[in-house]
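Work through the exercises below with the sequence and coordinates open. Each task is followed by a solution in steps.

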Amino acid sequence: MSEVVMQIDGKEVKAASGTTVLDAARQAGIHIPTLCHHEKLEAFGGCRMCMVEVETRGRKSYVVSCLYPVAGDLVVRTRSERVDKIRRTLLEELLAHAPNSPELVELAREYKADPNRFEKDPSFCILCGLCVRYCNEVKGINAVDFIERGASREISFIPEIAVKECWDCQECFALCPTSYAQAAYFLTEALAFPGRRKPAATAA
Ligand code: SF4
Ligand code: FES
């Protein structure tokens with residue numbers, strides 16, 4: 001596989017062609033925050049928290065690093081006033097939905113995001129899709145899926161599958177940045193197959 005040499009935060013970084021800026025940064029020990037990325041899953045590009053500034057031939061743009069391919073002439077900045085402002089606004093929006101998520105609260109502290117900027121609308125799910133995609137791509141079970149569209153979009157467990165498959169799995173719980181996957185499962189369990197209960201798995 002061929003390699004490209006690029007610059008990330010002023011550091012010369014070698015990256016395999018076909019990989020992403022996020023991969024290259026991680027290889028070089030440079031941290032970029034992510035909320036919907038998982039190394040076992042296809043890139044999703046849903047949360048936009050991994051947004052970085054890229055400059056190529058003097059032109060700057062803002063791209064999601066988990067999807068953006070590496071290139072030899074790329075200059076990447078993982079932190080800048082504008083990048084931080086984008087992440088701050090995203091966090092403020094997400095905190096309106098999931099104000100108690102420890103991961104969001106921690107990021108909000110780092111990016112000085114105001115958790116009260118937007119009116120609270122606690123749906124608790126930030127639609128990162130980790131539970132849905134893990135169940136589909138890693139487990140091949142599809143016990144949880146997105147339902148509805150637009151502002152009504154949410155995740156839901158499919159009771160007929162969940163009753164058979166989730167009992168001995170529950171691996172998505174640990175991936176969820178807001179604990180909503182676990183809550184949604186227990187709600188499904190209570191409504192669709194009450195009387196069965198097993199302690200949550202601790203790791204994916
Ligand atoms: S339930 Fe959790 S893991 Fe699933 S999409 Fe919502 S926030 Fe992401
Ligand atoms: S981690 Fe890149 S968009 Fe979510």
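The exercises treat a predicted model, beginning with its domains and ending with a loop residue.

**Exercise 1.** State how the protein is divided into domains, and give the separation of the centres of domain 1 and domain 2.

Solution. Three domains are assigned: domain 1 covers 3-79, domain 2 covers 80-122 and domain 3 covers 130-192. Taken over C-alpha atoms, the centres of domain 1 and domain 2 are 22 Å apart.

**Exercise 2.** Describe the area buried between domain 1 and domain 2, and find the residues of domain 1 that lose the most area.

Solution. Start with the contacts: 15 residues of domain 1 touch 14 residues of domain 2. The two domains bury about 1,300 Å² between them, and 62% of this lies on carbon and sulfur atoms. On the side of domain 1, the residues losing the most area to domain 2 are Met-49, Tyr-62 and Arg-79, which together make up 50% of what that side buries.

**Exercise 3.** Count the polar interactions across this interface, and characterise the side that domain 1 contributes.

Solution. First, the salt bridges: the rule finds 2 across the interface of domain 1 and domain 2. Arg-79 forms a salt bridge with Glu-110, with 3.0 Å between the closest N and O atoms. Next, the polar contacts: 6 residue pairs are counted between the two domains, both residues at pLDDT 80 or more. Then, the secondary structure: strand E3 (residues 51-56) gives the most to the side of domain 1 that touches domain 2, namely 3 residues. Last, the composition: that side of domain 1 has 9 nonpolar, 2 polar and 4 charged residues.

**Exercise 4.** List the buried residues of helix H4 and identify elements that cover them.

Solution. Helix H4 spans residues 130-138, and its buried residues are Leu-130, Cys-131, Val-132, Arg-133, Tyr-134 and Cys-135. Their cover includes strand E6 (144-147), strand E7 (154-157) and helix H6 (180-192). To finish, look past the helix: H4 is followed by Gly-140, which has a positive phi near 65°.

**Exercise 5.** Locate Thr-20, and decide whether Thr-20 is buried or exposed.

Solution. Thr-20 sits in the loop between strand E2 (11-16) and helix H1 (21-27). The cut-off for buried is under 20% relative accessible area. Thr-20 has 14% relative accessibility and therefore counts as buried. With neighbours within four places in sequence left aside, the contacts of Thr-20 are Ser-65, Cys-66, Leu-67, Tyr-68, Pro-69 and Val-70.

Notes: Residues numbered from 1 in each chain as written. Chains lettered and ligands numbered in written order. Predicted model: local features only at pLDDT ≥ 70, side-chain atom pairs only at ≥ 80, totals over all residues. Heavy atoms only, no water. Domains from an automatic or database assignment. Contact = heavy atoms within 4.5 Å. Buried area = accessible area lost by both parts, 1.4 Å probe. Salt bridge = Lys/Arg side-chain N within 4 Å of Asp/Glu carboxyl O. Polar contact = N/O pair within 3.5 Å; in protein donor to acceptor, adjacent residues only side chain to side chain. Helix = DSSP H or I, 4+ residues; strand = E, 2+ residues; numbered from the N terminus. Nonpolar A, V, L, I, M, F, W, Y, C, P; charged D, E, K, R; others polar. Buried < 20%, exposed > 50% of the residue type's maximum accessible area, 1.4 Å probe, protein only.
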